[in-house]
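Trainee: I would like to learn how to read a protein model carefully. Could you take me through one, feature by feature?

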Amino acid sequence: MAPQAGGAHRAGALKQQNKPHKAGRHRGSSARRQGGRIPAKMLSRQQNRNLAKLDRRHRALQLRRQHREAVLTEKRHLGRKDGPPHLVVMVPLHARVVAQRALGLFQSSEADVVHQAKTGPPGFALLCPRSKLHWRFVAADTGNLCTVLDLAKVADTLLFVLDPLEGWDAAGDSCLSCIFAQGLPSYGLAVQGLADQLPKKQLDARKKLSKAIEKRFPEAKLFPLNTEQESALLLQHLTIQKQRRLAFRDRRAHLLADTAEFVPSPDSALVGTLKVSGYVRGHSLNVNCLVHIVGHGDFQMSQVDAPAEPFARNPRVIKRQPANGQDAELQEDLGSGAVEMEEGVKVLMRADPSQQESLQSEVVPDPMDGEQTWPTKEELREADEALKQSKKVTKRVPKGTSVYQAAWIVDEDEGDDGSEEEEEEEEEDACMEETVSQDGSGSVEEEEEEEEEEEEECETMTLPETEQDNEKMEEEEEVMLEKYRQERQEEMFPDEVDTPRDVPARIRFQKYRGLKSFRTSPWDPKENLPWDYARIFQFQDFSRMRKHVFRQLEKEESDGAAVGWYVTLHICNVPVSVMESFQQRRPLVLFTLLPHEQKMSVLNLLVRRHPGNSEPVRSKEEVIVHCGFRRFRASPLYSQHSSADKHKLERFLRADTATVATIYAPITFPPASVLLFQQRSDGSHSLLATGSLLSVDPNRLVIKRLVLSGHPFKILVKMAVVRYMFFNREDVLWFKPVPLRTKWGRRGHIKEPLGTHGHMKCQFDGQLKSQDTVLMTLYKRVFPKWTYDPHVPEPWVRHRSPLLSEEEGEGMH
């Protein structure tokens, strides 16, 4: 083709661009570069894809059969020859239910062996030689929620005993709500006293109870409990029913104490070694792990013994060790590492200091850790370059001015910048001095007036207790009324606050910042952390560490005391209050801790408000937390549950949506149930919220939002003069970069201040209405309060269920 006149043709900007050939980028070349290696994920996908339909069906059948066999093995193991006793916790749901009479029906058979519990919660152990089953019955008092929840943590079966007329009362309903939120194991339903009703009323009462239990216990069977034959049928049902699993206890060894002995230490009688005996459940127990006593804290173990059982199902042969070896029967019973003591008690294992878990729960921060002692060479070089650049400054000076004279001439920009900073610092200092002087002078005058009044009024009066109690009740009602008013104000005007008149806004809100977009604007999670963050532990990837711990747990499942063994744990440095609580017939429940679960961190709990509690609850208000197997006090910080990287603070716990509560607490690996309780003035606990453990993440950003409001004074199309947002000119200049918005959706910014009383000229993206309100949004990151306390006093008992006989009850009280 002949060239055109004026030169060769040049392609324009709209020339077609064909896709280049991707040579060497296809799958074959990558496989060649890998040398034939195939990633594990791709290999598993290929294997699944290449399996035939019949092979996939056969493999699914094998997995289903293995799972069924594991379930049957666990069911046959419970209460049998080599397993722990079947622990049945009887929960009376009505004040008219007599638990002592119900327990008597299970131990009335002459062929069974009964062993009464002398310490701990009331109950007994039952051995059935015919069925070769071992039972452990414990009665719980529904008036004490902590006792019921502690027993439900370790129970194999919960036996709910209902009243024939009403089913359950208010205390029983609250107890059921708490147990369902914590995790419901296998259960049975029995009704006591149905045979005492008239024959015509028995059918109506049974229909009424069936309708009542349909909501909470769908497809549950109701058993009468009036005779020995009915109790035998109920036991048979509890034996063959499906066992429900609770995730937080299946991975941890747990134990309900049958007996306990306290040995004071030589240094102090208040602290000593606690010897707790009971059956190992859930998982094998290792002496080097830490043990958590529910309601009392974390402790270390020194050794684990294998004593004789209270009444032996399978008598163990205990012989003295020969000089050169160990008896074969003893080795078969205990395995490697067992040693015989002089008293005939066998020591299973002793703690190894090199492998034992540490009790350190907090990091000891070094105050000089971030201190800079001497600059490095790079910092010195950067400082020299910055100094050279700062020396090269161009200034406009009059003609004939020397270099020495020009150095003393200050530019207008530099002078303005320096004067503004100095003025702000001087005003801040002056404001602080004025407030201090005003407070100080006022306090001196008030003290003088109070002294004069005290000298004049010398009479004193003592009020009766009834009047003091009435005043206390009035004060509590006033505090509650104020909280209701604040909650209502927060619902009507969320996050809106009034600008103070006595303190400049730039000082009052100096820790806040403006964001162009709450969703997309960046926020560094390591910025301006509090001192408490230096005391906590943090994982680089918490989910990965959780999977690693669970995998290690499966590998080391055979180490330590096996499930079903009757052992004695020697727990070190235990306060004497633990033994005193056990002597008052309260349950003593122990859980072993997984690695790192004794260390403090930031826990995020996903909770939802319980419908039975309507009192306002502010953020950072102290509550009682039941997280998995732990019980402690904390002050949660409530925030919205969203998928963004920043989460807005909620000043009150809302009732219409799920909320995240952030607290300082020991690390717990989920899944774990969560219950929040509010302690009332009379000492009782009221269920506040229920949920689960969301994550352990100190980097979760909880942002407090603050909204300052102003009103348009003069409007000219898109321009408006706004007042009442600030009250001095300096505050307007300080917050000038922060964007504005209105309640009717307009966006704008501050152009300049007008006058000295806080008026400002603002420009918006559209016509502003006179009824509209101008808003400025400020943000600040907030952190929870460190109020963690593992020692929680038990709640006041609302009513006493007749669990014991009158003589035992009088002796206990």
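Mentor: We will go through confidence, the nonpolar core, one helix, the salt bridges and one buried residue.

Mentor: This is a predicted model, in which local features need pLDDT of at least 70 and side-chain atom pairs count only at pLDDT 80 or more, while totals for chains, interfaces and linings use all residues. Residues are numbered from 1 along each chain as its sequence is written, and side-chain values use heavy atoms, with hydrogens and water left out.

Trainee: What is the mean pLDDT of the protein?

Mentor: The term pLDDT stands for the predictor's confidence in each residue, on a scale from 0 to 100. The mean here is 78, and 74% of the residues reach 70 or more. Over residues 315–343 the pLDDT is below 50, although this stretch has 39 contacts in the model beyond near neighbours in sequence, a contact being heavy atoms within 4.5 Å. Residues 434–444 also stay under 50, and for them the model has zero contacts beyond four places in sequence. Where pLDDT is low, the predicted coordinates should not be read in detail.

Trainee: Which residues touch the most other members of the largest nonpolar core?

Mentor: A nonpolar core is a set of buried Ala, Val, Leu, Ile, Met, Phe, Trp, Tyr and Cys residues joined through side-chain atoms within 4.5 Å. Buried means under 20% relative accessible area, exposed means over 50%, and partly exposed lies in between, using a 1.4 Å probe and protein chains only. The largest core has 46 residues, of which L158 and F160 touch the most other members. Helix α5 (145–154) and strand β5 (157–162) are among the elements that each supply at least two residues, and α5 gives the most, with six. Beyond residues up to four places away in sequence, F160 touches several residues, including V91, L176, I179 and F217.

Trainee: How many residues does α6 have, and which of them are buried?

Mentor: Helices (H or I, at least four residues) and strands (E, at least two) are DSSP runs, numbered from the N terminus. The expected span of a helix is 1.5 Å times one less than its number of residues. Helix α6 has 13 residues and reaches 19 Å from its first C-alpha to its last, close to the 18 Å expected. Its buried residues include A171, C175, L176 and I179, and just after the helix G183 takes a positive phi of about 135°.

Trainee: Which parts of the chain does the salt bridge between R216 and D173 link?

Mentor: A salt bridge is a side-chain nitrogen of Lys or Arg within 4 Å of a carboxyl oxygen of Asp or Glu, and the structure holds 21 of them. The side chains of R216 and D173 meet at 2.9 Å, N to O, linking helix α7 with helix α6 across 43 residues. R216 counts as partly exposed because its relative accessibility is 23%, and D173 is partly exposed at 29%.

Trainee: Is K646, the partner of D645, buried or exposed?

Mentor: K646 is buried, with a relative accessible area of 1%, whereas D645 counts as partly exposed at 42%. Their closest N and O atoms are 3.4 Å apart.

Trainee: Why does E597 count as buried?

Mentor: E597 counts as buried because its relative accessibility is 0%. This residue lies in the loop between β18 and β19 (600–609), and its contacts beyond four places in sequence include R252, F629 and P666.
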